[in-house]
Amino acid sequence: MWLQAALLGLTFLTLVSQLQAEDQASLRHANDAAGRCQYTFTVPSPQESGCSGRAETEGVLSRLTSLEALVSRLIARREMGADVEVGFQEGFSQLTGERNQLRQDKDRLKRQVQDLQARVRELSQETDGLRQSCKKTNTSADLRSHQELSGDRGHGFSNGAYQEMKAEVTEVPASRLLPGGNVSGCGEVLSVGDPVLHRKADGITGKYGVWLQDPEPRGTQYTNKTVWRIDTVGKDVRQLFAYEDMDQFSRGFPMKVFVLPEPVESTGATMYRGSLYYQRKRSRTLIRYDVASESLASRRDLPHAGFHGQYPYSWGGYTDIDLAVDERALWAIYSTSKAKGSIVLSQLDPESLEVKKSWETNIRKNTAANAFMACGRLYTVASYTAANTTLNHVYDTATRASRAISVPFKNQYGYNSMVDYNHQQRKLFAWDNFHMVTYHLRLAN
Ligand code: CA
């Protein structure tokens, strides 16, 4: 604005000067030294008597002309600059958006690459395992025949014949499995054996999860030898892996992968009578998935149960609802706002998932690392990280009383995220920091 005002002022002074000068102006012409006609226009200065003033006026006019041109260029540039600024802001916003989108794409691709790398590692190991297995097939078959003939059934899960014998020994009539019924040798836990390693997971998705065998399978397609596994690290856990037996499980090659209809929350799932029972992600909804028909058999909310971090075990991991099976029933281990964080036990109908009966204990759920049911009694594990910890509480549903105990228990790998009892094998199945282990249990009569 000041430039425009100055310009107007100077223009005005110039005009006044010209008007004053026109009164006394004269025009002369004469030949110059070269003989050409030369015209001279004379205007006397109002203030100055000499020619030097005229020269200054011409200088001022010349500079004024230059100034006008400069101002015009500046105004044009400023207008152009405003347009450029608007365009720059729009461009900057667009570039920022594109940069953010690229960052998101980069993160997503990075995760996909990590998953794929983990999968490649797993497949490589499986391939190696299969190669080894092919080489050993003949010698293993010979060895098994020899063991059966000699009566040496061997130890551990790698021997199929041993599994069959074990099933014969531990199967008991259904009438003796009814809730409240007496099951022989179903006293309190006397001791927990050292962990036996069956498989180490590779890749970050194997940090924690669920693995187990069905103590009371239905049909012939899947048996008590079938091993079930869910890696529960991830946002949308839906894959259920089935392995033919413990030997195949140890080698790492699943015979089938099920895609569950609803995502799984945490490590509280269990397998019972041909169905996978689990808690649906971010809800108190329980799901029964029938593996034979590969379909959702029933679903029901567990009334008032806390979920998704309200009442987890001490290790966290959204372990609010832990499902368990023992000689007597299918159970849910959880808490409610009414119980104020104490463990609530409910016996569930295996078909409909309805609550048949409930017990409220005085054991704080967030002080327990994990829990399992055996012979109608709840046991809690004191620590999920300590190498040498204990089963520290038992609650008996028959007497509605709890008691402090101290049965040694080992977390050999330092991060035990799942402990589940298999009454057919009298073993605990656990997932300890990538390691899938079992513990032998000794019970009182
Ligand atoms: Ca458990």
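**Aromatic pairs, strands and a calcium site**

The count of aromatic pairs comes to 15 in this predicted model. One of them joins Phe 372 and Tyr 421. Their ring centres lie 6.4 Å apart, and the planes make an angle of 35°. The pair is therefore classed as tilted, since planes under 30 degrees apart count as stacked and those over 60 as edge-to-face. Phe 372 belongs to strand S17 and Tyr 421 to strand S21, so the contact ties together parts that are 49 residues apart in sequence. Phe 372 is buried, with a relative accessible area of 0%. Tyr 421 is buried as well, at 4%. Elsewhere, aromatic residues gather in a cluster: Tyr 208, Trp 315, Tyr 384 and Tyr 415 form one such group.

Strands S17 and S21 also contribute to the calcium site. The calcium ion is coordinated by Asp 322, Asn 370, Ala 371 and Val 419. Asp 322 is listed twice, each time through an OD atom. Asn 370 contributes OD1, whereas Ala 371 and Val 419 each contribute O. The distances run from 2.3 to 3.0 Å. Along the chain, the donors follow the spacing D-x47-N-A-x47-V. Ala 371 lies in strand S17 (residues 370-374) and Val 419 in strand S21 (residues 416-422), so this pair ties together parts that are 48 residues apart in sequence. Both Ala 371 and Val 419 are buried.

The chain as a whole holds 4 helices and 23 strands. Of its 445 residues, 41% are buried. Contacts were also sorted by separation in sequence. Among those between residues at least 6 apart, 52% join residues at least 24 apart. The accessible surface of the chain comes to about 24500 Å². Carbon and sulfur atoms account for 53% of that surface.

Strand S23 (residues 435-443) has several pairing partners. Strand S22 (residues 427-432) is joined to S23 by 6 bridges, and the two run antiparallel. Within this pairing, Leu 428 has Tyr 439 as its bridge partner. S22 and S23 form a hairpin, with 2 residues between them. Asn 433, in the turn, has a positive phi of about 55°. Strand S4 (residues 196-200) is joined to S23 by 4 bridges, again antiparallel. Here Leu 197 stands opposite Val 437. Strand S3 (residues 189-192) adds 3 bridges to S23, also in the antiparallel sense. In that pairing, Val 189 faces Leu 443. Of the 9 residues of S23, 7 are buried, so this strand is largely enclosed by the rest of the structure.

A separate description applies to strands S5 to S8. These 4 strands form an open sheet in the order S5-S6-S7-S8, with antiparallel pairing. The edges are strand S5 (209-213) and strand S8 (256-259), each of which pairs on one side only. Neighbouring strands of the sheet are turned by 20° against each other on average, direction ignored. Inside the sheet, strand S6 (residues 227-231) pairs with strand S7 (residues 239-243) over 3 bridges. Arg 229 stands opposite Phe 241 in S7.

Conventions: Residues numbered from 1 in each chain as written. Predicted model: local features only at pLDDT ≥ 70, side-chain atom pairs only at ≥ 80, totals over all residues. Heavy atoms only, no water. Donors = N, O, S within 2.8 Å, 3.2 Å for Na, K, Ca; no water. Buried < 20%, exposed > 50% of the residue type's maximum accessible area, 1.4 Å probe, protein only. Pairing = 2+ DSSP bridges. Axes fitted to C-alpha atoms, helices over the stretch in contact; angles between N-to-C directions. Contact = heavy atoms within 4.5 Å. Areas by Shrake-Rupley, 256 points an atom, 1.4 Å probe, with all protein chains shown as cover. Phe/Tyr/Trp six-rings, centres within 6.5 Å; stacked < 30°, edge-to-face > 60°.
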